[in-house]
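Reader: Hi! I'm new to this one and would love a friendly walk through it. Could you show me what we're looking at?
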Amino acid sequence: MDIFSNGDWLPLSFAALMGLSMLIYAVLDGYDLGVGILMKRATNDEKDRMIGSIGPFWDANETWLVLGAGLLLVAFPKAHSIILSNLYLPVAIMLIGLMLRGVAFDFRAKAKTGHKNAWNNTFFAGSLITAVAQGYMLGAYILGFDKSIAAIAFSLMVGGCVAAGYCLIGACWLIMKTEGALQHKAIGWARVSLWGTMLAIALISISTPLVSERIFDKWFSFPNIVLLAPIPLVTATLVIALEVLLRQLPKPDDRWCWVPFVSTIGIFVLCFHGLAYSFYPYIVPDQLKITEAASAPESLMIILMGALVVLPVLISYTFLAYKIFHGKAKDLSYD
Amino acid sequence: MMELDPALLARIQFATNITFHILFPSITIALGWVLLFFKMRFNATKNEKWMEAYFFWTKIFALCFAMGVVSGITMSFQFGTNWPGFMETVGNIAGPLLAYEILTAFFLEATFLGIMLFGFSRVPAWMHNAATFLVAFGTTVSAFWILALNSWMQTPAGFEMRDGVAHATDWFQIVFNPSFPYRLTHMLLASGVTASFLVAGLSAYRWLRHDRTPAVMAALKTGVLTAAILIPLQIFTGDLHGLNTLQHQPQKVAAMEGLWETKNGAPLVLFALPNKETRQNDLAIEIPKLASLILTHEWDGELKGINAFENNHPPVAQVFWAFRVMVGTGLLMLAVSWSAVFFLWKRKDLVKPLAYAMVPMAFSGWVATVSGWYVTEIGRQPWLVTGVLKTADAISDTPAPIIGISLSMYLTVYAVLMTAFITTLFYMARKAGQVKKDPLTPASGQAVVEALD
Ligand code: HDD
Ligand code: HEM
Ligand code: HEM
């Protein structure tokens with residue numbers, strides 16, 4: 001491996017860092033977007049409780065998107081402009097969705113009581129739009145930004161799948177953070193969205209190698225196929241275990257209420273790993289390699305040094321926040 | 001149908017988005033410190049009114065923060081979608097500055113905001129104080145980095161061009177480039193002024209509705225006094241900022257002063273309609289020689305006019321007018337805040353006409369800040385990065401209709417959000433006044449909250 005000798009390690013570490021923040025984003029904002037989508041099916045009291053469970057976190061969760069997109073921008077400006085100009089409209093739509101839900105979160109509690117319902121609906125719509133737009137972008141990215149009708153249909157389908165995945169992790173979050181009737185509901189939601197998520201994973205796994213010959217070779221050549229086999233196998237095991245567990249929840253004393261959430265994170269990580277493996281070493285599928293797109297090494301170095309100092313601190317105060325707000329959610333109040 | 005120019009649309013879209021964004025940080029940067037002040041006053045005096053003011057303004061802070069965050073996320077995609085040439089040419093410099101902003105500021109404020117807003121009864125008092133401090137600190141650090149970048153775009157330093165791409169040579173010079181200290185100070189003060197007029201204005205609104213509890217009066221006095229202290233400082237630093245601009249971007253100053261021809265003893269133009277066809281001011285009202293005196297400190301000092309910068313100067317009318325709106329608003333703020341201090345000091349209370357004036361003035365900070373930024377940004381044209389990259393060369397090849405769609409979506413959403421924001425502010429002010437207040441001396445903040453809700 002001559003990664004270190006030729007200086008490629010720097011762009012590669014940035015790609016890894018960027019991938020990591022996207023993954024963290026999908027998990028963290030995934031659960032709060034999911035909660036937003038599921039709100040449609042909750043009663044008014046439950047809505048307050050659901051909002052209460054994500055209140056202290058959503059802002060920091062979204063910051064991971066800013067970091068992921070920011071790293072793409074600062075470390076791989078060329079890739080950033082290709083990707084974002086191809087995804088111009090879905091990005092704009094996602095931003096509108098994020099905007100609507102971010103502010104609806106505040107307005108629903110502060111605006112006139114008569115308007116609360118409208119803001120609840122805005123919160124739901126914003127969360128759904130965001131999730132579908134992100135899935136759409138993933139689909140378009142997998143297809144290398146093909147603009148045919150079939151490609152658009154495929155991307156829309158991936159959009160629906162990602163929304164299902166977010167609902168799953170959102171429901172699992174609620175299983176962990178709530179109790180009583182709402183928890184029962186959340187278990188039901190989790191079981192439904194688990195099916196959607198499974199479908200999503202199957203769909204993406206089947207279509208990705210079919211679309212790209214390079215990925216097909218990468219997956220189905222020896223020895224890769226053996227080395228890769230654990231990914232789908234572990235994923236399948238997790239999905240089945242989750243289904244079995246969900247049927248038995250809630251347990252006495254609320255034991256294991258956190259297990260679905262953790263297993264779902266596992267599923268997300270595995271899927272992400274599969275995607276990352278398929279696309280490496282490209283940052284724009286089949287067009288631009290990671291090493292071709294990078295900024296000047298001096299500038300990357302400056303950022304990397306900063307990141308190495310700041311990230312541990314950042315992660316520790318994130319843990320602090322989760323620790324402070326651990327346990328079952330209460331209704332939100334500024335106390 | 002008229003051909004739409006994608007460059008023009010992209011500029012309008014960028015300007016719309018950033019104008020909407022800056023409205024909220026310009027409140028939150030300083031309001032965070034005001035909240036910390038309320039909290040510290042409570043800690044020192046144990047007077048419940050400070051906590052009541054704290055809780056009311058925390059809710060408003062949270063609302064402004066949410067608006068700032070969502071519009072900020074939009075901003076972080078704008079460079080890539082609208083100005084790909086920007087990052088390709090100066091990405092080596094802009095990149096690290098943006099990355100440092102995300103890493104050192106955004107996570108800090110976003111995480112501790114949760115603790116500050118919802119952690120009051122879950123964490124010890126010192127930690128809540130610390131969280132409040134860190135949120136205020138984080139917003140200020142945010143401003144530091146983004147202004148370093150913007151100032152570098154105005155007065156670039158510490159870099160060299162290799163194959164048409166900027167490479168950093170000295171990070172200290174990049175961050176502390178010539179216009180940065182002035183721009184940072186002026187912007188932080190602008191935020192202070194904006195927040196204090198908002199606090200004063202909304203409190204005056206409650207005062208007018210006969211909601212004159214100690215908490216309202218405390219916030220009112222804090223707002224008025226802060227405004228009265230900061231505004232003269234703001235005018236002073238504005239003057240220094242102008243002198244600095246004269247040195248580094250004289251064409252911008254020529255546009256601000258509406259000076260078409262280089263002159264010794266240039267007049268200060270109070271009113272005029274700059275005419276780019278005839279390259280003259282129509283209907284000008286001028287004070288002879290004053291501009292030269294202000295900018296060169298000599299009655300007959302020479303000021304360069306637009307004619308000295310052929311094809312390298314910004315549009316005159318926009319810069320000229322934006323500048324007058326900012327300065328005019330600043331002077332109005334001076335008059336209002338000082339009269340309010342006068343009445344609060346002499347009569348221990350407001351008077352009605354003044355209170356009526358203070359309510360719309362709650363948003364005067366927005367007017368001055370946005371017009372100030374228009375002076376700065378339009379005054380930089382035709383450059384995106386002075387002397388390095390022209391705006392026209394950074395444009396994306398996204399077709400005009402697509403930008404048109406996204407622009408109209410943003411405009412619609414912003415119009416709705418702006419309406420909702422302002423009506424909610426006043427609604428919250430009215431609602432806070434209707435809540436019955438039982439006289440009680442709370443042992444903890446918990447009791448205060450229950451009394452309030
Ligand atoms: C409350 C807001 C506010 C008020 C009352 C003023 N300003 Fe200001 N001004 C700003 C808020 C602002 C700003 C929005 O913050 C700007 C834009 C960029 C910057 O750093 O500050 C600005 C820019 C700005 C510039 C542009 C410099 C450049 O871009 O090169 C000048 C020359 C002044 N100001 C001067 C003044 C003067 C002489 C004032 C006297 C009344 C004044 N400002 C009041
Ligand atoms: C927050 C207050 C700001 C406001 C209200 C503002 C306003 C504007 C306006 C009106 C324009 C359009 C100028 C024209 O095309 O004639 C513009 C352009 C631009 N500004 Fe700002 N700006 C602000 C701050 C910043 C900051 C902090 C940055 C960068 C870090 C920045 C970067 C840009 C860029 C890249 C353009 C596009 C290119 C151009 O038209 O020159 N702006 N801004
Ligand atoms: C003078 C110009 C600017 C100032 C002073 C400023 C300041 C701030 C502040 C204080 C915040 C914290 C949120 C809030 O209080 O509302 C914020 C949020 C944000 N700003 Fe700006 N900003 C400016 C321009 C920009 C530009 C040009 C960008 C794009 C690169 C940007 C991107 C963001 C983002 C992404 C957030 C959200 C951060 C979060 O998730 O907490 N800002 N800005």
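Reader: Thanks! How do the residues of the shell around ligand 1 divide into nonpolar, polar and charged?
Author: Happy to help, and please keep in mind that this is a predicted model. The shell around ligand 1 has 10 nonpolar, 11 polar and 3 charged residues.
Reader: And which residues are the closest to ligand 1?
Author: Of the 24 residues that surround ligand 1, the closest are B:Arg183, B:His186, B:Thr245, B:Met326 and B:Thr376.
Reader: What do the polar side chains there do, say B:His186 and B:Thr376?
Author: An N or O atom in the side chain of B:His186 is 2.8 Å from a nitrogen atom of ligand 1. For B:Thr376, a polar side-chain atom lies 2.8 Å from an oxygen atom of the ligand. You can add B:Lys252 to that picture, with a side-chain N or O atom 2.9 Å from an oxygen atom of ligand 1.
Reader: Which elements give two or more residues to that shell?
Author: They belong to chain B: helix H6 (180-208), helix H7 (214-248), helix H8 (250-257), helix H10 (316-346) and H12. H7(B) gives the most, with 7 residues.
Reader: Let's move to ligand 2. What is the protein donor of its iron atom?
Author: The only protein donor is B:Glu377, through OE, at 2.1 Å. You'll find B:Glu377 in helix H12 of chain B, which covers residues 364-378.
Reader: Which atom of ligand 2 lies 2.5 Å from a polar side-chain atom of B:Glu377?
Author: That one is a nitrogen atom of ligand 2.
Reader: Which residues come nearest to ligand 2?
Author: There are 19 residues around ligand 2, and B:Arg11, B:Glu377, B:Arg380, B:Gln381 and B:Leu384 come nearest. Two of these also have side-chain contacts worth a look. B:Arg380 has a side-chain N or O atom 2.8 Å from an oxygen atom of ligand 2, and a polar side-chain atom of B:Gln381 lies 2.7 Å from an oxygen atom of ligand 2.
Reader: Which elements give two or more residues to the shell here?
Author: In chain B, helix H1 (6-45), helix H4 (125-154) and H12 do. H1(B) gives the most, with 5 residues. By class, the shell around ligand 2 has 13 nonpolar, 3 polar and 3 charged residues.
Reader: Back to B:Gln381 for a second. Is its peptide bond to B:Pro382 cis or trans?
Author: The bond from B:Gln381 to B:Pro382 is cis, with omega near 5°. B:Pro382 sits in the loop between H12 and strand S7 (383-385) of chain B.
Reader: Where does B:Asp163, with its positive phi, lie?
Author: B:Asp163 is in the loop of chain B between strand S1 (159-162) and strand S2 (165-168). Its phi is near 50°, a positive value in a residue other than glycine.
Reader: Okay, ligand 3. Where does it lie?
Author: Ligand 3 lies between chains A and B. It is surrounded by 25 residues, and the closest are B:His21, B:Thr28, B:Gly68, B:Gly72 and B:Glu109.
Reader: What is the single donor from the protein to the iron atom of ligand 3?
Author: That donor is B:His21, through NE2, 2.2 Å away. B:His21 is in helix H1 of chain B, and a side-chain N or O atom of B:His21 is 3.0 Å from a nitrogen atom of ligand 3.
Reader: What about the side chains of B:Thr28 and A:Thr63?
Author: The side chain of B:Thr28 has an N or O atom 2.4 Å from an oxygen atom of ligand 3. From chain A, A:Thr63 has a side-chain N or O atom 3.3 Å from an oxygen atom of ligand 3.
Reader: Which elements give two or more residues to the shell around ligand 3?
Author: Chain A gives helix H3 (58-75), together with H1, helix H2 (48-82), helix H3 (84-118) and H4 of chain B. H2(B) gives the most, with 8 residues. By class, the shell around ligand 3 has 15 nonpolar, 8 polar and 2 charged residues.
Reader: Last topic: at what angle do helix H1 and helix H6 of chain A pack?
Author: Helix H1 (residues 9-38) and helix H6 (residues 116-142) of chain A pack at about 140°, with their axes 8 Å apart. That angle makes H1(A) oblique to H6(A).
Reader: Is their crossing left-handed or right-handed?
Author: The crossing of H1(A) and H6(A) is left-handed.

How values were computed:
Residues are numbered from 1 along each chain as its sequence is written. Chains are lettered from A and ligands numbered from 1 in the order in which they are written. This is a predicted model: local features need pLDDT of at least 70, side-chain atom pairs count only at pLDDT 80 or more; totals for chains, interfaces and linings use all residues. Side-chain values use heavy atoms; hydrogens and water are left out. Donors are N, O and S atoms within 2.8 Å of the metal (3.2 Å for Na, K and Ca); water is not among the atoms, so sites may look incomplete. Helices (H or I, at least four residues) and strands (E, at least two) are DSSP runs, numbered from the N terminus. A residue is near a molecule or strand if one of its heavy atoms lies within 4 Å of it. A polar contact is a pair of N or O atoms within 3.5 Å; within protein, one must be able to donate a hydrogen and the other to accept it, and residues adjacent in sequence count only if both atoms are side-chain atoms. Ala, Val, Leu, Ile, Met, Phe, Trp, Tyr, Cys and Pro count as nonpolar, Asp, Glu, Lys and Arg as charged, and the others, Gly among them, as polar. Axes are lines fitted to C-alpha atoms, for helices over the stretch in contact, and angles run from 0 to 180 degrees between N-to-C directions. Angles under 35 degrees count as roughly parallel, over 145 as roughly antiparallel, 65 to 115 as roughly perpendicular and the rest as oblique. A crossing is left-handed if the near helix is turned anticlockwise from the far one by less than a right angle, and right-handed if clockwise.
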